[in-house]
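Q: Please take a close look at one part of the structure shown here.

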Amino acid sequence: MQEQCPVSCKEDDCKDLHVRCPAWSQIKDNCVDNPDMRKYCGKSCNACEEQAAANATGSDEDDEDVMPCVDEHTNCRYWADKGMNENCARSCTACEKIKQRKTKEYPASTEELAVDTDVILEESASFGEKQVADGGERRQTIARVKATIDYMASEKFTKLSPAIKESCMNRNELCAFWAILGECEKNEAYMVIQCAPSCYSCHLIDISARCPVDADAVPGLEPGTLNKMFERIVETAPGNRTLTDEEREELKQNEMTEYTVEVISRPSDEPSTEVSAKNDKLPPWVVVFENFISDEECDEMIQLGYKHEYKRSADVGKLKFDGTHESIENSRRTSENAWCSGHLGCRNATVPTRLHNRMSKVLDIPADNGEDMQILKYEKGQFYRTHHDFIEHQVDRPCGPRILTFFLYLSDVEEGGGTNFPDLGITVEPKKGRALLWPSVYDSNPKKDDPRMRHQALPVKEGTKFAANSWIHLYDYQAAQKKGCH
Ligand SMILES: O=C(O)CCC(=O)C(=O)O
Ligand SMILES: [Fe+2]
């Protein structure tokens, strides 16, 4: 039928099933490769034939109640990185969840809103981006803007220091809208700074107010426990001894592999007895695990890297107004990396969770002390010049400094790509499933960086190197990251 009368089908039957179709279709890529959208918003997407074809094949009775999976705003691609998925279903790959939502949440009527709306929105421009209130949440958004104006006139704001007051602004036109969706709590690290007026959180721009250090927090390492930890890791490596059937079974149950541990460098053959800065002169620990990660786990991590997009790697840059640091591209680091973060659903996926738990068991340090894994991709010629993983400013942050690097090799490399410690004369070659563990700090003081642990990723000469960084902190990193305190 459709083939015989495409023109009349277009004219007669082509429909937008949702009041917001015209708006959605204006947003980049919503209509492109999106069967849902082309079906529900056939008219606005200029996809009348597809809509007719979909209807001809018989769709659910309930179709008119089902939300197409769309991005609600032009900036969704950008926000996806910030973990906002309620209104950016498409960019945030949250379509399945959104499918259940009903169109009825999106009434279109604007006339019923109060006449002073424009004045309120106009006033919001005095503390950052002028706020936008649209769609079904328009009324609530305007109420939030109104309440924000009151907050900005209250002592909670006016008593703050001039510098904080000056930095406190809504840095996006949708801050009020996000605030009413609960993003100030769900997406604290981003919102309390970037949308501080809408979140009533100007006082938290000051990093000392936002990120108090908990004097009772339990550290991952006490002075004098680093050496003991490495000694235990070597002694208990399952692949270094003959296992009973029960032990094998237990490893499987705990999702551990039968890894071996080889000592590349150690302070002394004698187990450490005393905690003393004079031991700091002894050689540092470097150990290599074989068969630490299974082939399937390696492959899955590489794929997760593609899913979350490998992008040019960056370093820690200048201090920003809110106490966090810029990330800067630099010619000393030419690899690409993807972050396997919790807010994008990567950290909590099966394999990353398993690997975090595995490392946590080996170290006997909580998995939450670990950063999200940074998955690396080096093509031929790419490298990371000599650097230290320790980040000085984190010593005074609730997460504490990086104390250990658990480095996972996810692929074999034809030639090159070794991890080299120039001060120690050590190079570890990449091998699929291998892991390399080294401390960034001293046994006697886990807050002090050991400069001998500088290292570099040598250029890949042939092939592609995939690997992952897992940086372990002295305290809970996940909690700190959530509050923008890392
Ligand atoms: O790729 C490597 O071998 C080391 C990478 C590294 O040191 C880093 O990313 O911090
Ligand atoms: Fe490094």
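Where does E309 lie, and how do the elements around that position pack?

A: In this predicted model, E309 lies in the loop between helix 18 and strand 3, the latter spanning residues 311–312. The backbone of E309 has a phi near 70 degrees, a positive value in a residue other than glycine. Most residues other than glycine have a negative phi. E309 has 13 other C-beta atoms within 10 Å and is therefore partly exposed, as a residue counts as exposed at 12 or fewer and as buried at 20 or more.

Helix 18, which covers residues 295–307, packs with helix 19, which covers residues 350–363. Their axes are 9 Å apart and form an angle of about 120 degrees. The two helices are therefore oblique to each other, since the angle lies outside the 65 to 115 degrees that count as roughly perpendicular and is not over 145. Helix 18 passes helix 19 in a left-handed crossing. On the side of helix 18, the contact is made by E297, E300, M301 and L304; helix 19 contributes V351, P352 and L355. By class, this contact has five nonpolar and two charged residues, with no polar ones.

A positive phi in a residue other than glycine also occurs at E255, where the value is near 55 degrees. E255 is found in the loop between helix 17 (245–253) and strand 1 (260–265). Because E255 has 16 C-beta neighbours inside 10 Å, it counts as partly exposed.

As for annotation, an unreviewed UniProt entry places the feature "domain: Fe2OG dioxygenase" at residues 369–474. That span is 0% helix and 43% strand, and its end C-alpha atoms lie 7 Å apart.

Conventions. Residues numbered from 1 in each chain as written. Chains lettered and ligands numbered in written order. Predicted model: local features only at pLDDT ≥ 70, side-chain atom pairs only at ≥ 80, totals over all residues. UniProt positions renumbered as here; feature names shortened; annotations may be inferred. Helix = DSSP H or I, 4+ residues; strand = E, 2+ residues; numbered from the N terminus. Axes fitted to C-alpha atoms, helices over the stretch in contact; angles between N-to-C directions. Parallel < 35°, antiparallel > 145°, perpendicular 65-115°, else oblique. Left-handed = near helix turned anticlockwise from the far one by under 90°. Contact = placed C-beta atoms within 7 Å. Nonpolar A, V, L, I, M, F, W, Y, C, P; charged D, E, K, R; others polar.
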